[in-house]
Amino acid sequence: AEGRFQLTFDLPADADADQTAKLAEELEEEPPAAAGSDILDVEQVFAQFKKGVDEQVDEADSDTHFDLGIAYKEMGLLDDAIGEFQVAMRNPVRACSCHTMVGLCRMEQGRTQDAINSFRAGLHAENKNEREELALYFELANAYEILGDNNEALYFFEKVRKRDAVFRGVSQRIRKVQAAMAAASEPDASDEDELDAAFDDLLSDD
């Protein structure tokens with residue numbers, strides 16, 4: 001279809017005819033008349049790939065589903081990535097890292113509050129190590145900073161710094177948040193002018 005992405009498969013000149021025909025059959029395409037380049041619709045290829053995954057990968061295979069989630073995320077297929085992470089997190093050992101990855105996908109989608117919910121769910125996972133917990137604190141701080149909630153951002157950044165002062169440049173992030181908070185607390189210049197004017201009027205009345 002016009003305007004859709006296309007993918008080119010370059011078949012080697014000595015490609016086995018049976019393998020070529022089998023590939024074409026799996027992709028519901030007619031076998032190519034000769035070796036060369038065959039243009040295939042990306043969406044169709046991906047749909048066939050996912051169908052194959054569903055048929056061949058057991059839901060209990062959390063490692064494979066997690067790896068698929070990473071691959072989909074890197075390809076920008078965020079909803080598909082989230083789906084794979086949600087399958088993988090049924091394994092308690094994977095739960096923390098999966099909640100973290102779902103949160104990161106939500107951040108990329110601009111769904112910051114949903115990302116926060118995922119990060120918090122990761123903190124409640126039973127199987128997690130200190131580095132995973134630090135990463136979740138950091139991601140929570142970053143998300144709250146994006147939302148403009150500097151108090152919560154500072155709280156979680158400080159939790160990170162207490163454990164590891166050099167983790168992802170956390171000290172610099174704390175200074176940035178503190179500067180924003182200080183700027184927000186400074187009285188507006190126009191408000192000061194209005195107060196001065198009101199004070200002058202009061203004196204002149206006397």
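This briefing describes the fold, helix packing, aromatic contacts and selected residues of one protein chain.

The model is a predicted one, and its protein chain contains 10 helices and 2 strands. Read along the sequence, these elements follow the pattern β-α-β-α-α-α-α-α-α-α-α-α. Of the 206 residues of the chain, 35% count as buried, and residues 24 or more positions apart account for 50% of the contacts with a separation of 6 or more.

**Packing of H7 and H9**

- Helices H7 and H9 pack at an angle of about 25°, with their axes 12 Å apart; because angles under 35 degrees count as roughly parallel, the two helices are roughly parallel to each other.
- The crossing of H7 and H9 is left-handed.
- On the H7 side the contact involves Phe-138, Asn-142 and Glu-145, which meet Val-170, Arg-173, Lys-176 and Val-177 of H9.
- An α-helix has 3.6 residues a turn, so residues three or four places apart point the same way.

**Aromatic pairs and a charge over a ring**

- A search of the whole structure finds 6 aromatic pairs.
- In the pair formed by Phe-138 and Phe-167, the ring centres are 6.0 Å apart and the planes stand at 70°, so the arrangement is edge-to-face, given that planes over 60 degrees apart are classed in this way.
- This pair links distant parts of the chain, since Phe-138 belongs to helix H7 (residues 130-147) while Phe-167 lies in the loop between helix H8 (150-163) and helix H9 (170-185), 29 residues apart.
- Phe-138 and Phe-167 are both buried, and Phe-138 is also among the H7 residues that meet H9.
- A further aromatic group, a single cluster, is formed by Tyr-137, Tyr-144, Tyr-155 and Phe-156.
- The charged end of Arg-94 sits over the ring of Phe-66, at 4.3 Å from the centre of that ring.

**The loop between H8 and H9**

- Arg-168 lies in the loop between H8 and H9, the loop that also holds Phe-167 of the edge-to-face pair.
- Although Arg-168 is not a glycine, its phi is positive, at about 50°.
- With a relative accessibility of 44%, Arg-168 counts as partly exposed, whereas Phe-167 is buried.

**Helix H4 and its surroundings**

- The buried residues of helix H4 (residues 78-88) are Leu-78, Ala-81, Ile-82, Glu-84, Phe-85, Val-87 and Ala-88, a set in which the charged residue Glu-84 appears.
- The cover over these buried residues of H4 includes helix H3 (62-74) and helix H5 (95-108).

**Two buried residues and their contacts**

- Phe-46 is placed in helix H2 (residues 42-56) and, at 16% relative accessibility, counts as buried, because the limit for that class is under 20%.
- Leaving aside neighbours within four places in sequence, Phe-46 is in contact with Tyr-72, Leu-77 and Asp-80.
- Ser-118 lies in helix H6 (residues 112-123) and is likewise buried, with a relative accessible area of 11%.
- Again leaving aside neighbours within four places in sequence, the residues in contact with Ser-118 are His-99, Val-102 and Gly-103.

Conventions. Residues are numbered from 1 along each chain as its sequence is written. This is a predicted model: local features need pLDDT of at least 70, side-chain atom pairs count only at pLDDT 80 or more; totals for chains, interfaces and linings use all residues. Side-chain values use heavy atoms; hydrogens and water are left out. Rings of Phe, Tyr and Trp (its six-membered ring) pair if their centres lie within 6.5 Å; planes under 30 degrees apart count as stacked, over 60 as edge-to-face and the rest as tilted. Helices (H or I, at least four residues) and strands (E, at least two) are DSSP runs, numbered from the N terminus. Buried means under 20% relative accessible area, exposed over 50%, partly exposed in between (1.4 Å probe, protein chains only). A charge sits over a ring if NZ of Lys or CZ of Arg is within 6 Å of the ring centre and within 35 degrees of the ring normal. Contact means heavy atoms within 4.5 Å. Axes are lines fitted to C-alpha atoms, for helices over the stretch in contact, and angles run from 0 to 180 degrees between N-to-C directions. Angles under 35 degrees count as roughly parallel, over 145 as roughly antiparallel, 65 to 115 as roughly perpendicular and the rest as oblique. A crossing is left-handed if the near helix is turned anticlockwise from the far one by less than a right angle, and right-handed if clockwise.
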